[in-house]
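User: I'm going through the charged side chains in this model and would like a close look at one pairing. Could you walk me through it, and then set it beside the other charged spots?

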Amino acid sequence: MPRLFVFLTLFFYLVLPSIAHADAGEWGPFSKRLELSRFVDYWKETGAPSVADIRNLPDQAWTRNGSDSVSLGYGEDIYWFRVKLTNTLKSEASNFLEIGYPVLDHIEIYREVRGKLLEPLILGDKRPFYDRPIHHRNFIVPLVLPPESSTTVYLRVDTTSSMQVPMTLWEQDAFYAAEQARSLFEGIYYGIVLVMMLYNLFVFMAVGERSFLYYVGYIAAMPLFLASLHGVAFQYLWPEATWWNDQSIIVFLNLVVLFGGAFSIRFISVTRKNHPWLNRWTMAMIMTAGLLALAGLLIPYRLMILPTILVAFVGCSTMLMLSVVRWLKRDPAARYYTVAWVFMLFGGIVLALSKFTMLPRNLLTENATQVGSALGVILLSLALADRLNREKKKSFAAQQKLLREERKARLAQEKSLRVQQEANALLEERVQERTRDLESLNEQLLELSATDPLTGLKNRGHFDKKFQADVVHAYRFEETLSLLVVDIDHFKSFNDTYGHLVGDDCLKMVADCIKRHVTRPQDLAARYGGEEFVVLLPDTPEAGAVRVAERIREEIQKTAFRVSDQVLHLTVSIGVCSCAPARADATKALFACADDALYQAKAEGRNRVIANTQAGRDHAVCQA
């Protein structure tokens with residue numbers, strides 16, 4: 001009897017008042033928070049009615065919601081919502097009307113107080129965050145209720161997301177107190193995820209195991225998805241990016257499936273050898289999620305949300321199935337994994353079912369994903385740590401076995417090592433001597449292979465390598481590179497007249513004159529072929545290159561060359577090209593530029609220096 005009396009008392013005090021006020025949204029002296037969903041009427045918009053038309057609609061045109069959540073699912077319809085509020089106080093009540101679904105696209109709010117329509121408010125996640133009257137992740141509307149009167153609120157909602165319009169009337173102090181608790185809850189959740197993400201990232205960097213990297217991708221995508229869905233990301237990360245605010249939900253949810261599937265395959269060893277069909281199915285799911293994530297950057301939210309939710313549901317179910325199968329196969333890692341995914345998938349499935357109106361929208365369904373994912377993240381981190389610990393134990397046992405075997409081998413080797421040490425020392429000395437001899441010979445061979453035997457200058461092969469390297473360097477650092485092409489005037493007739501031996505002496509004399517004016521370590525003088533020489537001057541402007549060329553030309557002209565009883569004076573023509581290469585492979589074009597200048601010098605009478613910068617630009621090798 002006492003128990004029956006207590007039950008009846010609770011029934012009368014708790015149930016009957018709610019039944020008595022089921023048709024009225026009353027704000028009384030003890031009201032702090034009032035859930036308005038059961039007081040809401042809705043009407044599906046037809047045509048293009050004005051707010052006056054909506055106010056004049058008969059009561060029978062409206063449909064009473066009558067449940068604890070306003071959830072009409074996905075669709076392209078536009079809905080009007082009406083809620084009547086009565087202030088029973090003898091004083092004015094300053095309240096907040098909270099619309100607790102932050103991904104609604106467009107909301108028009110009209111307030112009718114004592115028959116007078118106030119100025120409308122326009123809200124929605126298609127408008128910049130800072131346009132809201134109260135900067136909050138949800139839509140907060142200041143609402144003043146006159147004393148002992150009724151206020152009617154009309155809402156026009158147009159959205160591509162789920163048509164959920166949960167409304168709560170708050171006393172302002174109560175709202176801020178509840179908001180502190182919600183902020184603390186979210187801070188704990190995101191703090192847990194951030195710590196686990198950094199921890200697993202550091203472990204990946206330490207051990208190089210890709211399972212940790214996939215897991216970091218998963219636990220990074222999950223909170224970003226939830227932050228986008230709950231409006232936290234719009235508030236703190238991209239308050240002006242209205243387009244991305246919708247698309248981010250698509251992208252991050254598909255990345256959750258992608259990284260979660262990749263992590264599952266690797267962590268619990270679902271390979272093509274042991275589970276070929278499950279592996280292929282999971283890989284197909286991962287590829288589908290990846291394609292949808294890419295498509296989320298291009299295709300509108302309204303076309304992507306239903307396929308994304310379907311893939312997420314199938315993906316979550318698949319990963320749960322994988323964990324169960326591997327647990328039945330007695331995989332040690334599957335134990336933690338299965339329990340973790342039960343928590344995470346429970347939250348994900350509950351959230352998906354609430355979006356399809358199969359479950360009511362309430363505190364449990366809205367926060368199940370966060371609670372489940374937080375517990376799952378912790379358990380999966382423990383699973384990864386357990387796996388790492390088991391692998392360390394196996395590695396340690398193997399190392400201990402190897403150490404025991406190594407000790408036995410060392411005892412047998414110590415005797416032979418003493419004998420070998422002396423032989424090795426003697427052999428090492430001989431090897432070092434031979435190595436030094438070989439290095440010296442190699443240096444001599446390299447020098448001989450890069451030197452023209454007649455003139456002592458570098459040969460064409462060495463010049464080609466140095467020329468290519470200097471062009472790349474000049475292109476990278478935007479430096480001016482100068483090339484001189486030197487040709488002895490009338491050398492063929494000189495050679496025919498005095499013979500090849502005298503011609504060789506002539507080439508040596510010209511080479512010596514060139515050497516005396518190419519003095520910097522980075523400069524290069526080489527015999528290019530026959531009577532033609534080249535001089536490479538890195539980081540040298542045209543004026544400096546022309547001065548060097550003129551000095552070479554003047555010295556050769558002044559140098560007396562004795563042939564028998566005759567004293568001859570030779571002349572040279574020099575073509576100069578100076579520019580900062582516009583390409584890294586401009587060697588041929590740069591040489592052609594200098595060669596054109598050489599031919600111009602010969603055409604103008606020989607024994608002169610011609611600089612041809614414009615030709616370099618014509619050859620498309622010089623930067624403008």
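Analyst: Let's start with lysine 466 and aspartate 470, whose side chains form a salt bridge with an N to O distance of 2.7 Å. Keep in mind that this is a predicted model, so the distance is a computed one. Both residues sit in helix H11 (residues 460-477), and because they are four residues apart there, about one helical turn separates them. How does each partner sit, buried or exposed? Lysine 466 has 24% relative accessibility, so it counts as partly exposed. Aspartate 470 comes in at 12%, and since buried means under 20%, it counts as buried.

You get a similar split with arginine 520 and aspartate 523. Their side chains meet in a salt bridge at 2.8 Å, N to O. Arginine 520 is partly exposed because its relative accessible area is 29%, while aspartate 523, with 12%, is buried.

Those pairs belong to a bigger tally: searching the whole structure turns up 23 salt bridges. One that reaches across the chain joins glutamate 186 and arginine 137, with 3.3 Å from N to O. Here the two residues are 49 apart and link distant parts of the chain: glutamate 186 is in helix H3 (residues 172-207), whereas arginine 137 is in the loop between strand E9 (121-123) and strand E10 (139-145). Both glutamate 186 and arginine 137 are buried. They also take part in a network of salt bridges that links Glu98, Arg137, Glu179, Arg182 and Glu186.

Next, a polar contact involving another acid. The side chain of aspartate 246 contacts the side chain of lysine 126 at 2.6 Å. Aspartate 246 belongs to helix H6 (residues 242-267), and its relative accessibility is 2%, so it counts as buried.

Finally, over to a spot where like charges gather. Lys401, Arg404, Arg407 and Lys408 make up a patch of positive charge on the surface. Patch members have no salt bridge and over 30% relative accessible area. Arginine 404, one of the four, is found in helix H10 (residues 363-449). Its relative accessibility is 48%, which means it counts as partly exposed.

So, back to your close look: lysine 466 and aspartate 470 are a salt-bridged pair about one helical turn apart in helix H11, with a partly exposed lysine and a buried aspartate.

Notes: Residues numbered from 1 in each chain as written. Predicted model: local features only at pLDDT ≥ 70, side-chain atom pairs only at ≥ 80, totals over all residues. Heavy atoms only, no water. Patch = residues over 30% accessible without salt bridge, like charges linked within 9 Å, V, L, I, M, F, W, Y side chains within 5 Å. Areas by Shrake-Rupley, 256 points an atom, 1.4 Å probe, with all protein chains shown as cover. Salt bridge = Lys/Arg side-chain N within 4 Å of Asp/Glu carboxyl O. Lys, Arg positive; Asp, Glu negative; His and termini not counted. Charge placed at Lys NZ, Arg CZ, Asp CG, Glu CD. Buried < 20%, exposed > 50% of the residue type's maximum accessible area, 1.4 Å probe, protein only. Polar contact = N/O pair within 3.5 Å; in protein donor to acceptor, adjacent residues only side chain to side chain.
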